[in-house]
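Notebook open, model loaded. I'm jotting down what I look up as I go.

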Amino acid sequence: MSKKTIAIIAGSAVALIAVAVTLFFVIPKDKSYRLLKLFEFSGSGTVTRENKGAITPYANMVLENGDTVKLDTGVMTIQADDDKFIHLDQHTTIKLNATGTSDKSKTAIELLEGGITSDIRNKLSAESTYEVNTPNSAMSVRGTVFYTTVYEIDGVKYTKTCCFEGEVVSRLVYKNGTYAVEEVPVIKGKEVIIYDDGTTRDYLYDEPQDIDYSTLPREVLEDLKDITDINGDNLSISNEELTRLLEGPFYVTFTYKGQEFGTQIVNNGEYAQIPALSPSDKGNWDYDFKKPIDRDTTIEWKG
């Protein structure tokens, strides 16, 4: 079990994801207050608050509406009310907008950089919303576990959302702030990627694709492992497969012109071996074979 065994997380101005969640949960009438705090924190980061500036975060720190929270390194989990947990990847910055009461909560998270995993454990009331915003898409969910990340490659900005449980409904948001009419459902086990190349904002694929778990950050896999440890195998990936992805053995796949050329099974921390045969007289394998294997890896022949 990973270091986070109690609270399981919730996922650059790259892409906008407004996640509106409609859930039903029962709270005693005398508990109408809202809870927003740093449930878990170790490492380095800051909480920036209006009129107070940067504050050094600490475990169980009470957060406020409008706080900007940044995790540089380490572990950070934010708890909203009793049943919503948001885990930040390292090098992630978010802004919190949390108003209302626990049974009529309005929670909006602006994902400025990095990635977060949201673990919404109960269904929100019809008058409650949960949103994750980035600049170019809007996602609505019905109580779920999902990951959202924003990143940039060669000047193109991307938003990726993976749904591990429940369903996410995606809509594009254009530069003028208007929403696309079309909704794209992202069911359990699927992911969508939205790109913004400066002139076009659109989905990278015509329909949601299967999640490539081998590309997920290790901390996200650890979060999912914690969820399955507590709640059983109700996610799109089993506890057994998560254990293998974290601990090995790992699959190394060699490809040539998009086709599989060969495979190896390598223990965690050991090294892949250069295949005895080469697919072509010219070229080489695009990999540093002095680098130990710590996840499923694809090595391509370049030539």
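**Entry 1: Asp81 and its hairpin**

I started with Asp81, which counts as buried because its relative accessibility is 2%, and the cut-off for buried is under 20%. A caution to myself before going on: this is a predicted model.

Where does Asp81 sit? I found Asp81 in the loop that links strand 4 (68–80) to strand 5 (84–88). Those two strands make a hairpin, with 3 residues between them. I checked the backbone too: phi of Asp81 is positive, about 60 degrees, and the residue is not a glycine. I noted that because most residues other than glycine have a negative phi.

Next I went through the hairpin's pairing. Strand 4 and strand 5 are antiparallel, with 5 bridges. As one example I wrote down Ile78, which has Ile86 of strand 5 opposite it.

**Entry 2: what else strand 4 pairs with**

I followed strand 4 to its other pairings. With strand 2 (residues 36–49) it pairs in the antiparallel sense, and I count 12 bridges there. Lys37 is matched with Gln79 of strand 4 as its bridge partner.

Strand 4 also pairs with strand 6 (residues 92–101), again antiparallel, over 4 bridges. Here the pair I noted is Val69 with Ile94 in strand 6.

**Entry 3: a second positive phi**

I looked at Asp154 as well. Its phi is near 50 degrees, positive in a residue other than glycine. Asp154 belongs to the loop between strand 10 (145–153) and strand 11 (156–165).

Is Asp154 buried or exposed? I have it as exposed, because its relative accessible area is 78% and exposed means over 50%. For Asp81, my note above says buried, at 2%.

**Entry 4: a cis peptide bond**

I checked the peptide bond from Gly248 to Pro249 and found it cis, with omega near 0 degrees. I flagged it because most peptide bonds are trans. Pro249 is in the loop that runs between helix 2 (239–247) and strand 17 (250–256).

**Entry 5: the four-stranded sheet**

Strand 17 took me to an open sheet of 4 strands, ordered 18-17-20-19, with mixed pairing. Which strands are at the edges? They are strand 18 (259–266) and strand 19 (284–285), each of which pairs on one side only.

I then worked through the partners of strand 20. Strand 17 and strand 20 run parallel and are joined by 4 bridges. Across from Phe254 I find Ile299 in strand 20.

With strand 19, strand 20 (residues 297–302) pairs in the antiparallel sense, over 2 bridges. I wrote down two residue pairs for this. Asn284 has Lys302 of strand 20 as its bridge partner, and Trp285 has Trp301.

I also looked at the two faces of strand 20. Thr297, Ile299 and Trp301 make up the covered face, while Thr298, Glu300 and Lys302 make up the uncovered one. I read that against the general rule that in a regular strand the side chains alternate between the two faces of the sheet. So of the bridge partners noted above, Ile299 and Trp301 are on the covered face, and Lys302 is on the uncovered face.

**Entry 6: a negative patch**

On the surface I looked up a patch of negative charge, where Glu182, Asp202, Asp206 and Glu207 gather. I followed up Asp202, which is part of strand 15 (residues 201–203). Asp202 comes out as partly exposed, because its relative accessible area is 33%, and that class lies between 20% and 50%.

**Entry 7: Leu111**

I picked out Leu111 in strand 7 (residues 104–120). Leu111 counts as buried because its relative accessibility is 2%. I also checked Leu111 against Leu96: they are 15 residues apart along the chain, and their C-alpha atoms are separated by 9.1 Å.

**Entry 8: the whole chain**

To finish, I pulled the totals. The protein chain comes to 2 helices and 20 strands. It has 303 residues, of which 48% count as buried. The exposed area is about 14800 Å², and carbon and sulfur atoms supply 48% of that.

Terms used
Residues are numbered from 1 along each chain as its sequence is written. This is a predicted model: local features need pLDDT of at least 70, side-chain atom pairs count only at pLDDT 80 or more; totals for chains, interfaces and linings use all residues. Side-chain values use heavy atoms; hydrogens and water are left out. Patches are made of residues with over 30% relative accessible area and no salt bridge: like charges are joined within 9 Å, nonpolar side chains (Val, Leu, Ile, Met, Phe, Trp, Tyr) within 5 Å. Accessible areas come from the Shrake-Rupley method with a 1.4 Å probe; for residues, only the protein chains shown count as cover. A salt bridge is a side-chain nitrogen of Lys or Arg within 4 Å of a carboxyl oxygen of Asp or Glu. Lys and Arg count as positive and Asp and Glu as negative; His and the chain ends are not counted. The place of a charge is taken as NZ of Lys, CZ of Arg, CG of Asp or CD of Glu. Buried means under 20% relative accessible area, exposed over 50%, partly exposed in between (1.4 Å probe, protein chains only). Two strands pair if DSSP finds at least two bridges between them.
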